[in-house]
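Trainee: I would like to learn how to read a few local features in a model. Where should we begin?

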Amino acid sequence: MEKTVFDFIRELLDSDGIPYHCITFPCHDWDWFDFGLRAKILGIENLSQKLNQNFTHLSDNALYHYVDFFQCNYAFLSLPPEKRKYFSTGEHTAANRAFLVVGPVLFESIYGERFENLFCSMNLSPRLMEPLRNHYQNIPVVPSPSHYENLMTVIANFIFDKKPYQLHFKSEGDLENLRLHYGGISRIPEQPFLNLQYIEERYEAENLILTAVGHGNEAMAMEGVRKLIDSGMPPRLTNRLRDKKDLAITLNTLMRKSAEIAGVPPIHIDSFSNRSIQQIEQLVSLEQCRDFQRKLALGYCRLVKQYSLTGYSLPIQKVITYITTDLSADLSLKALAGRLSVTPSYLSSLFRKEVGMTLTDYVNQQRITYARHLLLNTSSPIKSIAQQCGIADLNYFVRIFKRTTGVTPKVYRDTATHSQQMEIFRNFHEKVAHGSGN
């Protein structure tokens, strides 16, 4: 049975053109590891010794995904003695450690501008450009990283008999070399630790904003934005407008997660977030960027205050989300109960217990609130507004509207329009009187 499983795995690897080798330590021939890149093209000395040393640090019962300096991907798995026979025709003793090495593979073809940018980042001798360019043509490309990782998971489950194992993702230039990257941070020679202070102030301001959003506290959010704007954090990009836009996008992402933690349904967050990203890209000045940060924080605070469902059970959260998402849908007790796979009587009882009113009354309340908004802000006919609110029968809509507001939709719109016109008239005369007084 095990041989059959391995034959299947080997066929999967071969069908994708993915190289694999079983090695026992110490290994003296590493040309296969990178098709001779390090030894023949780059001329690295003592390559076998260096690679053998790296493998001594790998754990048993672990799957390692590794990306090297040249963006080549490998997978390393330690092989128990009883499984080695399925991956190699050679003789292996239990005394020596053995590994299955899968790779190298690429997740994208490296050529043209992509190759030139990568080569420039390597700081290699120009004479190596063409040999390296040709080398990349020999490495198989797996267009889907998830396909590759899933395949490695299947192999690991077979090797480790579906017992728990560790999963590691490593790459050259990881956190162990973090100190090398501090040079990318802006630094003022006369005040070497001032930038550290700026970074701490920025994170403090961001945390204040996130706390404010989580509680829907607009005043606290504005204080956090003020601190963020006043912090002396130097721009990370020479294009200051792009730098500020990127900061706004980062804030949008952070506040989006804060709103989710606060119980706002993802559909409302996603709608607001997507609209915000589009608006950020349309900003044309630094002042607009600073102003948008305020609007963004206020928007997420109000999103939390209006849509947070913390305290409700999951079924009621889903029902309220259905209602607020599409008021024109079938929101009857029977339809909503069917979506949740519960009985109408159970949903009715649970909704009244948690919300404090019947589901029908809540739906009508939301529909009339939306109708009032449309009456004040659009010129749509009342019949069309009724349909947008999910009430096809105009007479029934008028009856519910009057029961809720005390007046008919027409009277509500006319009265509001008249009040708005009078307010405009008063403001105009106050400005004229103020101007004539000067």
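Mentor: Begin with contact, which means heavy atoms within 4.5 Å. The model here is predicted. Take His-268: leaving out residues up to four places away in sequence, His-268 touches Leu-303, Tyr-307, Thr-324 and Thr-325.

Trainee: Where does His-268 lie, and is His-268 buried or exposed?

Mentor: Buried means under 20% relative accessible area. His-268 has a relative accessible area of 11%, so it is buried. His-268 belongs to helix α10, residues 266–281.

Trainee: How do contacts and burial read over the whole chain?

Mentor: The chain has 438 residues, and buried residues make up 35% of them. Of the contacts with a separation of 6 or more, 67% are between residues 24 or more positions apart. As for secondary structure, there are 18 helices and five strands.

Trainee: How can the length of a helix be checked, for example in α9?

Mentor: The expected span is 1.5 Å times one less than the number of residues. Helix α9 runs over residues 240–261, which is 22 residues, so it should span 32 Å; the end C-alpha atoms are 32 Å apart, and the two values agree.

Trainee: What is found at the start of α9, and what follows the helix?

Mentor: At the start, a side-chain oxygen of Asn-239 comes to within 3.2 Å of the backbone nitrogen of Leu-241. After the helix comes Gly-263, with a positive phi near 100 degrees.

Trainee: Which residues of α9 are buried?

Mentor: They are Asp-243, Lys-245, Leu-247, Ala-248, Leu-251, Asn-252, Met-255, Ser-258 and Ala-259. The list includes Asp-243 and Lys-245, and both Asp and Lys count as charged.

Trainee: Next, a residue in a strand. What does the side chain of Asn-73 reach?

Mentor: For a polar contact, the N or O atoms must be within 3.5 Å. The side chain of Asn-73 reaches the backbone oxygen of Gln-71 at 3.5 Å. Asn-73 lies in strand β3, residues 73–78, and is buried, with a relative accessible area of 9%. Beyond its neighbours within four places in sequence, Asn-73 has contacts that include Tyr-66, Val-67, Gly-103, Pro-104 and Tyr-148.

Trainee: What is the peptide bond from Gly-103 to Pro-104?

Mentor: That bond is cis, with omega near 10 degrees. Pro-104 is in strand β4, residues 98–105.

Trainee: Which phi values should I look at in residues that are not glycine?

Mentor: Look for positive ones. Gln-71, which is not a glycine, has a positive phi of about 70 degrees. Gln-71 sits in the loop between β2 and β3 and counts as partly exposed, at 33% relative accessibility. Asn-123 is also not a glycine, and its phi is positive, about 55 degrees. Asn-123 is in the loop between α4 and α5; with a relative accessible area of 69%, Asn-123 is exposed.

Trainee: How many cavities of 30 Å³ or more are there, and what lines the largest cavity?

Mentor: A cavity is a space where a 1.4 Å probe fits but cannot get out. The count is one cavity of 30 Å³ or more, and the volume of the largest is about 30 Å³. Its lining consists of Asp-34, Phe-35, Leu-37, Arg-38, Asp-68, Cys-72, Tyr-74, Pro-104, His-135 and Ile-139. By type, six of the lining residues are nonpolar, one is polar and three are charged. Pro-104 thus appears both in this lining and among the contacts of Asn-73.

Methods:
Residues are numbered from 1 along each chain as its sequence is written. This is a predicted model: local features need pLDDT of at least 70, side-chain atom pairs count only at pLDDT 80 or more; totals for chains, interfaces and linings use all residues. Side-chain values use heavy atoms; hydrogens and water are left out. Helices (H or I, at least four residues) and strands (E, at least two) are DSSP runs, numbered from the N terminus. Buried means under 20% relative accessible area, exposed over 50%, partly exposed in between (1.4 Å probe, protein chains only). A polar contact is a pair of N or O atoms within 3.5 Å; within protein, one must be able to donate a hydrogen and the other to accept it, and residues adjacent in sequence count only if both atoms are side-chain atoms. On a 1 Å grid over the protein atoms alone, a cavity is a set of points where a 1.4 Å probe fits but cannot get out, and a pocket is an open set with protein on both sides within 12 Å along at least five of seven lines; lining residues have an atom within 4 Å of a point. Grid points are joined across faces, edges and corners, and a volume is the space filled by probe spheres set on the points.
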